[in-house]
Amino acid sequence: MSMACLYAAAFFLQPPLTALTAYRGIGPDLVLCLTVMLVVMGKEPGPVAAASIATALVQDICYSLYAGPGGAAMLAAVACAALAFRLCAWEGPWLILALTALETMVYHMVLWAGCWVFGAPWSFFHMVQGMPIWILYNGILCAGTYMMLTRERKETHTK
């Protein structure tokens, strides 16, 4: 499946998934999770960055007050994920959980800063309150996906 199709699916599935699983209005971020997974699965960060930033900008245009902060936040998250993944010497679900937590924090901090610069009435305290929920949702989604993909790889290698 092409990267464009994956990001299109994440874009279109994000609103219904959030509506179904939201706790206090917060749900998993499929585009961020997909980005982390593609970086971890060894994809070149350049095309992943371009696709994720484009998707984040389209999300901003469709669902946000301002166009731009989502793309900047995704750029920061991709750069941080690529750097952290290159510097880590270990691999596995714990790495995925750590990277997902880091990327969720970086993404939402930069997103909040960008919205705050444009004048959005989103308080820092409100964003920090939602951080554990975002980390939990994104961590479960990424670690579960990683474990399914690696199990599938191991099964195909043993056959």
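**Cysteines**

I began with Cys88 in this predicted model. Its relative accessibility comes out at 28%, so I entered Cys88 as partly exposed. I then searched the whole structure for disulfides and found zero. For Cys88, the nearest cysteine sulfur belongs to Cys80 and is 10 Å away. A disulfide would need the two sulfur atoms within 2.5 Å.

I looked up Cys115 next. Cys115 is in no disulfide either; its nearest cysteine sulfur is that of Cys62, at 15 Å. Is Cys115 buried or exposed? Its relative accessibility is 8%, and the cut-off for buried is under 20%, so I put Cys115 down as buried.

**Helices α1 and α3**

I turned to the packing of α1 against α3. The two axes come within 10 Å, with a crossing angle of roughly 30 degrees. Angles under 35 degrees count as roughly parallel, so I noted α1 as roughly parallel to α3. I recorded the crossing of α1 and α3 as right-handed.

Which residues of α1 make the contact? I listed Met3, Tyr7, Phe11, Gln14 and Pro15. From α3 the contributors are Pro47, Val48, Ala51, Ser52, Thr55, Val58, Gln59, Cys62 and Tyr63. Cys62 in that list is the residue whose sulfur is nearest to that of Cys115.

**Nonpolar cores**

I went on to the largest nonpolar core, which has 28 residues. Those with the most contacts inside this core are Tyr7, Met74, Tyr107, Leu111, Trp122, Met127 and Trp134. Tyr7 had already appeared in my list for the α1 and α3 contact.

Which elements give two or more residues to this core? I noted α1 (3-21), α2 (30-40), α3 (45-63), α4, α5 and α6 (124-158). The largest share, six residues, comes from α2.

I found another core lying apart from the largest one. This other core has 10 residues, including Met37, Ala84, Ile96 and Leu99.

I also checked the neighbours of Leu111. Leaving out residues up to four places away in sequence, Leu111 touches Pro69, Gly70, Ala73 and Trp122. Of these, I had Trp122 down among the residues with the most contacts in the largest core.

**Glu91**

My last stop was Glu91, in the loop between α4 (69-87) and α5 (93-118). The relative accessible area of Glu91 is 56%, and exposed means over 50%, so I entered Glu91 as exposed. I took the separation from Gly70 as well: Glu91 and Gly70 are 21 residues apart in sequence and 28 Å apart in space, C-alpha to C-alpha. Gly70 is one of the residues that Leu111 touches.

How values were computed:
Residues are numbered from 1 along each chain as its sequence is written. This is a predicted model: local features need pLDDT of at least 70, side-chain atom pairs count only at pLDDT 80 or more; totals for chains, interfaces and linings use all residues. Side-chain values use heavy atoms; hydrogens and water are left out. Helices (H or I, at least four residues) and strands (E, at least two) are DSSP runs, numbered from the N terminus. Buried means under 20% relative accessible area, exposed over 50%, partly exposed in between (1.4 Å probe, protein chains only). A nonpolar core is a set of buried Ala, Val, Leu, Ile, Met, Phe, Trp, Tyr and Cys residues joined through side-chain atoms within 4.5 Å. Contact means heavy atoms within 4.5 Å. Axes are lines fitted to C-alpha atoms, for helices over the stretch in contact, and angles run from 0 to 180 degrees between N-to-C directions. Angles under 35 degrees count as roughly parallel, over 145 as roughly antiparallel, 65 to 115 as roughly perpendicular and the rest as oblique. A crossing is left-handed if the near helix is turned anticlockwise from the far one by less than a right angle, and right-handed if clockwise.
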